[in-house]
Amino acid sequence: MVLGIESSCDETGAGIVRDGRLLGHAVASSMDEHARYGGVVPEIAARAHVHAAGPVVRAALDQAGLALRDIDAVAVTTGPGLSGALQVGLASAKTLAYSLGVPLYGVHHLAGHVAADTLEHGPLPNPCVVLVVSGGHTSLLLVRDLARDPVVHLGDTLDDAAGECFDKAARILGLPYPGGPAVDRAARAGDPAAVAFPRPLTGPGDDPYAFSFSGLKTAAARWAEAHRAAGRELPVADGAAALQEAVADVLTRKAVAACTDHGVSTLVVVGGVAANSRVRALAEARCDAAGVELRVPPLRLCTDNGAMIAAVGDLLVRAGAAPAPLDVSVDPSAPLEYAALHPVARTKPRTAAVA
(Lines give C-alpha, C1' and ligand atoms only; values in the text may rest on other atoms or scores of the structure.)
Protein backbone atom coordinates (compact mmCIF):
# COMPACT_ATOMS: atom_id res chain seq x y z
CA MET A 1 0.00 0.00 0.00
CA VAL A 2 1.90 3.04 -1.28
CA LEU A 3 1.10 6.63 -0.34
CA GLY A 4 2.27 9.19 -2.90
CA ILE A 5 2.76 12.91 -2.27
CA GLU A 6 3.12 15.57 -5.00
CA SER A 7 4.04 19.22 -4.35
CA SER A 8 6.23 20.32 -7.25
CA CYS A 9 4.23 23.39 -8.26
CA ASP A 10 0.78 24.69 -7.31
CA GLU A 11 -1.11 21.45 -6.64
CA THR A 12 -0.79 19.50 -3.41
CA GLY A 13 -1.70 15.90 -4.11
CA ALA A 14 -1.88 12.62 -2.22
CA GLY A 15 -2.78 9.24 -3.65
CA ILE A 16 -2.80 5.62 -2.56
CA VAL A 17 -1.99 2.77 -4.94
CA ARG A 18 -1.72 -0.95 -4.39
CA ASP A 19 -0.70 -3.43 -7.11
CA GLY A 20 -1.36 -0.90 -9.86
CA ARG A 21 -4.84 0.00 -8.59
CA LEU A 22 -5.77 3.50 -7.41
CA LEU A 23 -7.61 3.32 -4.10
CA GLY A 24 -8.01 7.00 -3.33
CA HIS A 25 -6.55 10.40 -4.09
CA ALA A 26 -7.12 14.07 -3.33
CA VAL A 27 -5.75 17.31 -4.75
CA ALA A 28 -5.72 20.85 -3.36
CA SER A 29 -4.84 23.65 -5.78
CA SER A 30 -3.58 27.15 -5.02
CA MET A 31 -4.32 28.22 -8.61
CA ASP A 32 -6.81 30.90 -7.59
CA GLU A 33 -4.17 32.58 -5.43
CA HIS A 34 -1.75 32.75 -8.37
CA ALA A 35 -4.29 33.83 -10.99
CA ARG A 36 -4.15 37.51 -10.04
CA TYR A 37 -0.41 37.52 -10.79
CA GLY A 38 -0.76 35.75 -14.13
CA GLY A 39 1.50 32.89 -13.09
CA VAL A 40 2.72 30.79 -10.17
CA VAL A 41 4.39 32.67 -7.31
CA PRO A 42 6.80 30.21 -5.62
CA GLU A 43 6.41 31.60 -2.09
CA ILE A 44 2.62 31.47 -2.28
CA ALA A 45 2.78 27.91 -3.61
CA ALA A 46 5.06 26.75 -0.79
CA ARG A 47 2.82 28.25 1.91
CA ALA A 48 -0.23 26.66 0.32
CA HIS A 49 1.47 23.25 0.41
CA VAL A 50 2.16 23.67 4.13
CA HIS A 51 -1.55 24.18 4.78
CA ALA A 52 -2.77 21.49 2.37
CA ALA A 53 -0.36 18.58 2.92
CA GLY A 54 -2.08 17.13 5.97
CA PRO A 55 -5.66 17.52 4.72
CA VAL A 56 -5.02 15.94 1.30
CA VAL A 57 -3.35 12.89 2.90
CA ARG A 58 -6.31 12.47 5.24
CA ALA A 59 -8.75 12.91 2.35
CA ALA A 60 -6.97 10.26 0.26
CA LEU A 61 -6.97 7.85 3.21
CA ASP A 62 -10.66 8.48 3.87
CA GLN A 63 -11.53 7.88 0.21
CA ALA A 64 -9.63 4.59 0.30
CA GLY A 65 -11.13 3.58 3.63
CA LEU A 66 -7.68 3.25 5.17
CA ALA A 67 -5.72 4.49 8.16
CA LEU A 68 -2.11 5.65 8.24
CA ARG A 69 -1.08 2.37 9.87
CA ASP A 70 -2.12 0.58 6.65
CA ILE A 71 0.55 2.35 4.58
CA ASP A 72 3.55 0.18 3.64
CA ALA A 73 5.67 2.76 1.76
CA VAL A 74 5.72 6.48 0.99
CA ALA A 75 6.69 7.98 -2.36
CA VAL A 76 7.28 11.69 -2.94
CA THR A 77 8.25 14.01 -5.78
CA THR A 78 11.87 15.06 -5.28
CA GLY A 79 12.20 16.99 -8.55
CA PRO A 80 11.97 18.80 -10.80
CA GLY A 81 9.85 21.70 -9.59
CA LEU A 82 9.87 24.75 -7.35
CA SER A 83 12.48 24.30 -4.64
CA GLY A 84 10.37 25.52 -1.72
CA ALA A 85 7.33 23.58 -2.86
CA LEU A 86 9.32 20.37 -3.25
CA GLN A 87 10.81 20.81 0.23
CA VAL A 88 7.35 20.92 1.81
CA GLY A 89 6.30 17.67 0.18
CA LEU A 90 9.56 15.95 1.04
CA ALA A 91 9.38 17.06 4.68
CA SER A 92 5.85 15.68 4.91
CA ALA A 93 6.84 12.40 3.30
CA LYS A 94 9.91 11.97 5.50
CA THR A 95 7.84 12.62 8.61
CA LEU A 96 5.23 10.03 7.62
CA ALA A 97 7.77 7.41 6.54
CA TYR A 98 9.82 7.83 9.71
CA SER A 99 6.85 7.79 12.07
CA LEU A 100 5.32 4.74 10.34
CA GLY A 101 8.64 2.91 10.03
CA VAL A 102 8.20 2.35 6.29
CA PRO A 103 10.54 2.95 3.31
CA LEU A 104 10.61 6.23 1.44
CA TYR A 105 11.00 6.54 -2.34
CA GLY A 106 11.97 9.70 -4.23
CA VAL A 107 10.20 10.01 -7.58
CA HIS A 108 10.90 12.07 -10.68
CA HIS A 109 7.88 14.25 -11.41
CA LEU A 110 7.78 13.42 -15.13
CA ALA A 111 7.96 9.69 -14.43
CA GLY A 112 4.84 10.27 -12.36
CA HIS A 113 3.03 11.68 -15.37
CA VAL A 114 4.10 8.64 -17.39
CA ALA A 115 2.88 6.25 -14.70
CA ALA A 116 -0.47 8.05 -14.38
CA ASP A 117 -1.68 6.21 -17.47
CA THR A 118 -1.14 2.82 -15.81
CA LEU A 119 -3.85 3.65 -13.27
CA GLU A 120 -6.41 3.75 -16.08
CA HIS A 121 -5.09 1.40 -18.76
CA GLY A 122 -2.81 -1.03 -16.93
CA PRO A 123 0.92 -1.71 -17.42
CA LEU A 124 2.75 0.25 -20.09
CA PRO A 125 3.68 -1.69 -23.23
CA ASN A 126 7.40 -2.39 -23.50
CA PRO A 127 8.44 -0.36 -25.41
CA CYS A 128 6.17 2.66 -25.89
CA VAL A 129 6.64 6.25 -26.99
CA VAL A 130 5.50 8.80 -24.42
CA LEU A 131 4.73 12.44 -25.17
CA VAL A 132 5.00 14.41 -21.94
CA VAL A 133 3.46 17.82 -22.49
CA SER A 134 2.77 20.29 -19.70
CA GLY A 135 3.33 23.84 -18.53
CA GLY A 136 7.03 23.34 -17.92
CA HIS A 137 7.95 20.29 -19.98
CA THR A 138 7.57 18.99 -23.52
CA SER A 139 9.45 15.76 -24.26
CA LEU A 140 9.26 12.70 -26.49
CA LEU A 141 10.44 9.63 -24.60
CA LEU A 142 11.12 6.00 -25.40
CA VAL A 143 10.04 4.03 -22.34
CA ARG A 144 10.65 0.35 -21.65
CA ASP A 145 10.40 -0.85 -18.04
CA LEU A 146 9.72 2.40 -16.19
CA ALA A 147 10.81 1.06 -12.81
CA ARG A 148 14.05 -0.58 -14.00
CA ASP A 149 15.28 0.86 -17.28
CA PRO A 150 16.65 4.29 -18.15
CA VAL A 151 14.28 6.61 -19.99
CA VAL A 152 15.51 7.50 -23.49
CA HIS A 153 14.91 11.08 -24.62
CA LEU A 154 14.10 11.22 -28.30
CA GLY A 155 13.49 14.95 -28.20
CA ASP A 156 12.80 17.84 -25.84
CA THR A 157 11.76 21.46 -26.11
CA LEU A 158 14.57 23.86 -26.88
CA ASP A 159 12.82 26.81 -25.20
CA ASP A 160 9.20 27.25 -24.13
CA ALA A 161 7.09 24.20 -23.32
CA ALA A 162 3.70 23.85 -25.00
CA GLY A 163 1.81 24.74 -21.82
CA GLU A 164 4.03 27.77 -21.29
CA CYS A 165 3.22 28.87 -24.84
CA PHE A 166 -0.49 28.60 -24.07
CA ASP A 167 -0.09 30.62 -20.85
CA LYS A 168 1.85 33.44 -22.53
CA ALA A 169 -0.35 33.53 -25.61
CA ALA A 170 -3.46 33.63 -23.43
CA ARG A 171 -2.17 36.80 -21.79
CA ILE A 172 -1.54 38.28 -25.25
CA LEU A 173 -5.13 37.45 -26.25
CA GLY A 174 -6.56 38.89 -23.04
CA LEU A 175 -7.57 35.48 -21.69
CA PRO A 176 -7.25 34.51 -18.01
CA TYR A 177 -4.63 32.35 -16.31
CA PRO A 178 -4.13 29.40 -16.56
CA GLY A 179 -3.86 29.82 -20.30
CA GLY A 180 -4.30 26.24 -21.49
CA PRO A 181 -7.93 25.76 -20.44
CA ALA A 182 -8.76 29.36 -21.40
CA VAL A 183 -7.37 28.92 -24.93
CA ASP A 184 -9.19 25.60 -25.27
CA ARG A 185 -12.52 27.20 -24.30
CA ALA A 186 -12.07 30.24 -26.56
CA ALA A 187 -10.99 28.08 -29.51
CA ARG A 188 -14.36 26.33 -29.64
CA ALA A 189 -15.90 29.42 -31.25
CA GLY A 190 -12.98 30.10 -33.60
CA ASP A 191 -11.65 29.04 -36.99
CA PRO A 192 -8.34 27.15 -36.72
CA ALA A 193 -7.49 28.14 -40.31
CA ALA A 194 -8.08 31.86 -39.72
CA VAL A 195 -4.41 32.62 -38.92
CA ALA A 196 -1.41 30.97 -40.59
CA PHE A 197 0.70 30.50 -37.47
CA PRO A 198 4.05 28.71 -38.03
CA ARG A 199 4.79 25.06 -37.22
CA PRO A 200 8.21 25.29 -35.55
CA LEU A 201 10.92 22.71 -36.34
CA THR A 202 8.88 20.82 -38.91
CA GLY A 203 10.91 21.72 -41.99
CA PRO A 204 13.51 19.68 -43.92
CA GLY A 205 16.72 19.37 -41.94
CA ASP A 206 15.09 20.20 -38.59
CA ASP A 207 15.47 17.83 -35.66
CA PRO A 208 12.48 15.50 -36.17
CA TYR A 209 11.74 15.11 -32.46
CA ALA A 210 12.76 18.46 -30.93
CA PHE A 211 10.22 21.15 -30.04
CA SER A 212 10.29 24.93 -29.95
CA PHE A 213 7.32 27.10 -29.05
CA SER A 214 8.96 30.46 -28.32
CA GLY A 215 8.64 31.56 -31.94
CA LEU A 216 5.00 30.54 -32.07
CA LYS A 217 4.30 32.66 -29.00
CA THR A 218 6.09 35.58 -30.68
CA ALA A 219 4.06 35.09 -33.85
CA ALA A 220 0.86 35.31 -31.80
CA ALA A 221 2.12 38.51 -30.18
CA ARG A 222 2.95 40.12 -33.54
CA TRP A 223 -0.45 39.14 -34.94
CA ALA A 224 -2.24 40.70 -31.96
CA GLU A 225 -0.08 43.84 -32.12
CA ALA A 226 -0.90 44.33 -35.81
CA HIS A 227 -4.64 44.18 -35.11
CA ARG A 228 -4.42 46.59 -32.20
CA ALA A 229 -2.15 49.01 -34.06
CA ALA A 230 -4.69 49.14 -36.89
CA GLY A 231 -7.51 49.81 -34.43
CA ARG A 232 -9.23 46.53 -35.26
CA GLU A 233 -11.01 44.40 -32.72
CA LEU A 234 -8.94 41.35 -31.89
CA PRO A 235 -10.63 38.14 -33.09
CA VAL A 236 -9.74 36.23 -29.92
CA ALA A 237 -11.59 33.02 -30.77
CA ASP A 238 -9.88 32.73 -34.17
CA GLY A 239 -6.48 33.48 -32.65
CA ALA A 240 -6.99 30.89 -29.91
CA ALA A 241 -8.18 28.25 -32.39
CA ALA A 242 -5.29 28.85 -34.78
CA LEU A 243 -2.72 28.82 -31.99
CA GLN A 244 -4.16 25.65 -30.49
CA GLU A 245 -4.15 23.99 -33.92
CA ALA A 246 -0.48 24.86 -34.46
CA VAL A 247 0.54 23.43 -31.07
CA ALA A 248 -1.54 20.27 -31.50
CA ASP A 249 -0.27 19.78 -35.06
CA VAL A 250 3.40 19.93 -34.07
CA LEU A 251 2.98 17.75 -30.96
CA THR A 252 1.02 14.97 -32.61
CA ARG A 253 2.94 15.02 -35.90
CA LYS A 254 6.26 14.45 -34.15
CA ALA A 255 4.87 11.94 -31.66
CA VAL A 256 3.30 9.70 -34.30
CA ALA A 257 6.43 9.98 -36.46
CA ALA A 258 8.52 8.80 -33.50
CA CYS A 259 6.31 5.72 -33.14
CA THR A 260 6.61 4.93 -36.85
CA ASP A 261 10.37 5.53 -37.00
CA HIS A 262 11.08 3.34 -33.96
CA GLY A 263 8.62 0.57 -34.78
CA VAL A 264 6.58 1.25 -31.64
CA SER A 265 2.87 0.47 -31.69
CA THR A 266 1.72 2.51 -28.66
CA LEU A 267 1.75 6.26 -28.03
CA VAL A 268 1.03 7.53 -24.53
CA VAL A 269 0.22 11.24 -24.14
CA VAL A 270 0.46 12.59 -20.58
CA GLY A 271 0.76 15.87 -18.68
CA GLY A 272 -1.48 18.88 -18.24
CA VAL A 273 -1.68 19.71 -21.95
CA ALA A 274 -2.90 16.15 -22.59
CA ALA A 275 -6.21 17.51 -21.29
CA ASN A 276 -6.46 19.85 -24.30
CA SER A 277 -9.38 18.78 -26.48
CA ARG A 278 -7.66 19.43 -29.82
CA VAL A 279 -4.45 17.64 -28.80
CA ARG A 280 -6.49 14.60 -27.81
CA ALA A 281 -8.64 14.63 -30.95
CA LEU A 282 -5.77 15.13 -33.39
CA ALA A 283 -3.64 12.50 -31.63
CA GLU A 284 -6.50 10.03 -31.93
CA ALA A 285 -7.03 10.75 -35.63
CA ARG A 286 -3.34 10.50 -36.50
CA CYS A 287 -2.79 7.37 -34.43
CA ASP A 288 -5.76 5.70 -36.11
CA ALA A 289 -4.35 6.57 -39.53
CA ALA A 290 -0.91 5.22 -38.59
CA GLY A 291 -2.16 2.06 -36.91
CA VAL A 292 -0.81 3.17 -33.53
CA GLU A 293 -2.64 2.57 -30.26
CA LEU A 294 -3.24 5.82 -28.34
CA ARG A 295 -3.37 5.91 -24.55
CA VAL A 296 -4.27 9.10 -22.68
CA PRO A 297 -5.08 9.23 -18.95
CA PRO A 298 -8.47 10.58 -17.84
CA LEU A 299 -8.59 14.32 -17.29
CA ARG A 300 -8.35 14.02 -13.50
CA LEU A 301 -4.94 12.32 -13.85
CA CYS A 302 -3.47 14.63 -16.52
CA THR A 303 -2.66 17.53 -14.22
CA ASP A 304 -0.34 17.19 -11.21
CA ASN A 305 -1.61 14.76 -8.58
CA GLY A 306 -0.39 12.42 -5.85
CA ALA A 307 -1.87 9.33 -7.49
CA MET A 308 0.75 9.40 -10.23
CA ILE A 309 3.56 9.56 -7.66
CA ALA A 310 2.04 6.66 -5.75
CA ALA A 311 1.86 4.75 -9.05
CA VAL A 312 5.62 5.13 -9.53
CA GLY A 313 6.25 4.19 -5.91
CA ASP A 314 4.12 1.08 -6.38
CA LEU A 315 6.14 0.10 -9.47
CA LEU A 316 9.43 0.66 -7.61
CA VAL A 317 8.32 -1.43 -4.63
CA ARG A 318 7.19 -4.30 -6.85
CA ALA A 319 10.45 -4.10 -8.81
CA GLY A 320 12.47 -4.45 -5.61
CA ALA A 321 14.08 -1.02 -6.00
CA ALA A 322 16.15 0.35 -3.16
CA PRO A 323 14.43 3.05 -1.09
CA ALA A 324 15.81 6.54 -0.68
CA PRO A 325 18.52 7.27 1.90
CA LEU A 326 17.56 9.19 5.00
CA ASP A 327 19.36 12.30 3.75
CA VAL A 328 17.54 12.41 0.41
CA SER A 329 17.04 15.97 -0.80
CA VAL A 330 15.32 17.70 -3.72
CA ASP A 331 16.64 18.53 -7.17
CA PRO A 332 14.54 21.34 -8.70
CA SER A 333 16.08 20.92 -12.16
CA ALA A 334 16.57 17.14 -12.29
CA PRO A 335 16.66 15.64 -15.79
CA LEU A 336 14.53 12.55 -16.35
CA GLU A 337 16.89 9.57 -16.46
CA TYR A 338 15.20 7.06 -14.16
CA ALA A 339 11.82 6.99 -12.41
CA ALA A 340 13.49 6.90 -8.98
CA LEU A 341 15.14 10.17 -7.98
CA HIS A 342 17.17 10.11 -4.77
CA PRO A 343 19.41 13.22 -4.83
CA VAL A 344 21.49 13.96 -1.76
CA ALA A 345 22.51 17.53 -0.97
CA ARG A 346 26.25 17.91 -0.60
CA THR A 347 27.59 20.56 1.72
CA LYS A 348 30.37 22.63 0.19
CA PRO A 349 33.60 22.49 2.22
CA ARG A 350 34.39 25.61 4.18
CA THR A 351 37.29 27.70 2.88
CA ALA A 352 39.59 29.72 5.06
CA ALA A 353 39.05 33.47 5.01
CA VAL A 354 41.70 35.48 3.24
CA ALA A 355 43.11 38.32 5.30
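Helices α6 and α9 are roughly antiparallel to each other, a label given to angles over 145 degrees, whereas angles under 35 degrees count as roughly parallel, 65 to 115 as roughly perpendicular and the rest as oblique. The axes of α6 (residues 162-173) and α9 (residues 236-261) come within 11 Å and cross at roughly 170°. Here axes are lines fitted to C-alpha atoms, for helices over the stretch in contact, and angles run from 0 to 180 degrees between N-to-C directions. On the α6 side, the contact (heavy atoms within 4.5 Å) is made by A162, C165, F166, A169 and L173. The partners on α9 are V236, G239, A240, L243, Q244, V247 and L251. By class, ten of these residues are nonpolar, two are polar and none is charged. In this scheme Ala, Val, Leu, Ile, Met, Phe, Trp, Tyr, Cys and Pro count as nonpolar, Asp, Glu, Lys and Arg as charged, and the others, Gly among them, as polar.

A word on the source is useful here. This is a predicted model, in which local features need pLDDT of at least 70 and side-chain atom pairs count only at pLDDT 80 or more, while totals for chains, interfaces and linings use all residues. Residues are numbered from 1 along each chain as its sequence is written, and side-chain values use heavy atoms, with hydrogens and water left out. Helices (H or I, at least four residues) and strands (E, at least two) are DSSP runs, numbered from the N terminus.

Helix α9 also holds A248. With a relative accessible area of 0%, A248 is buried; buried means under 20% relative accessible area, exposed over 50%, and partly exposed in between (1.4 Å probe, protein chains only). Leaving aside residues up to four places away in sequence, A248 touches R278, V279, L282 and R286. The C-alpha atoms of A248 and F197 are separated by 12 Å, and the two residues are 51 residues apart along the chain.

Helix α9 lies across four strands, β6 (128-133), β7, β8 and β9, and runs at about 160° to β6. These strands belong to an open sheet of five strands in the order β8-β7-β6-β9-β10, with mixed pairing. Two strands pair if DSSP finds at least two bridges between them. Strands of a sheet pair through backbone hydrogen bonds, either parallel or antiparallel. The edges are formed by β8 (152-156) and β10 (293-295), each of which pairs on one side only. Neighbouring strands of this sheet are turned by 20° against each other on average, direction ignored. At one edge, β9 (residues 266-270) and β10 pair in the parallel sense over three bridges, and V268 has R295 as its bridge partner in β10.

Within strand β7 (residues 138-143) sits S139, which counts as buried at 5% relative accessibility. Its side chain makes a polar contact with the side chain of D156 at 2.5 Å. A polar contact is a pair of N or O atoms within 3.5 Å; within protein, one must be able to donate a hydrogen and the other to accept it, and residues adjacent in sequence count only if both atoms are side-chain atoms. Not counting residues up to four places away in sequence, S139 touches V130, L131, V132, H153, G155, D156 and F211.

Another open sheet has five strands in the order β3-β2-β1-β4-β5, also with mixed pairing. Its edge strands are β3 (21-29) and β5 (104-108), each pairing on one side only. The strands β1 and β2 run antiparallel and are joined by five bridges, forming a hairpin with four residues between them. On its other side, β1 (residues 2-6) runs parallel to β4 (residues 73-79), to which four bridges join it. Residue L3 is paired both ways: its bridge partner is I16 in β2 and V74 in β4.

Strand β2 is mostly covered, with seven of its eight residues buried. Eight bridges join β2 to β3 in the antiparallel sense, and E11 has S29 as its bridge partner in β3. These two strands form a hairpin with two residues between them, and D19 in the turn has a positive phi of about 50°.

Two helices accompany this sheet. Helix α2 (residues 42-64) lies across β1, β2 (11-18) and β3, running at about 30° to β2. Helix α4 packs on the sheet, touching β1, β4 and β5, and its direction makes about 85° with that of β5. In α4 (residues 109-116), eight of its eight residues are buried, including H109, H113 and V114.
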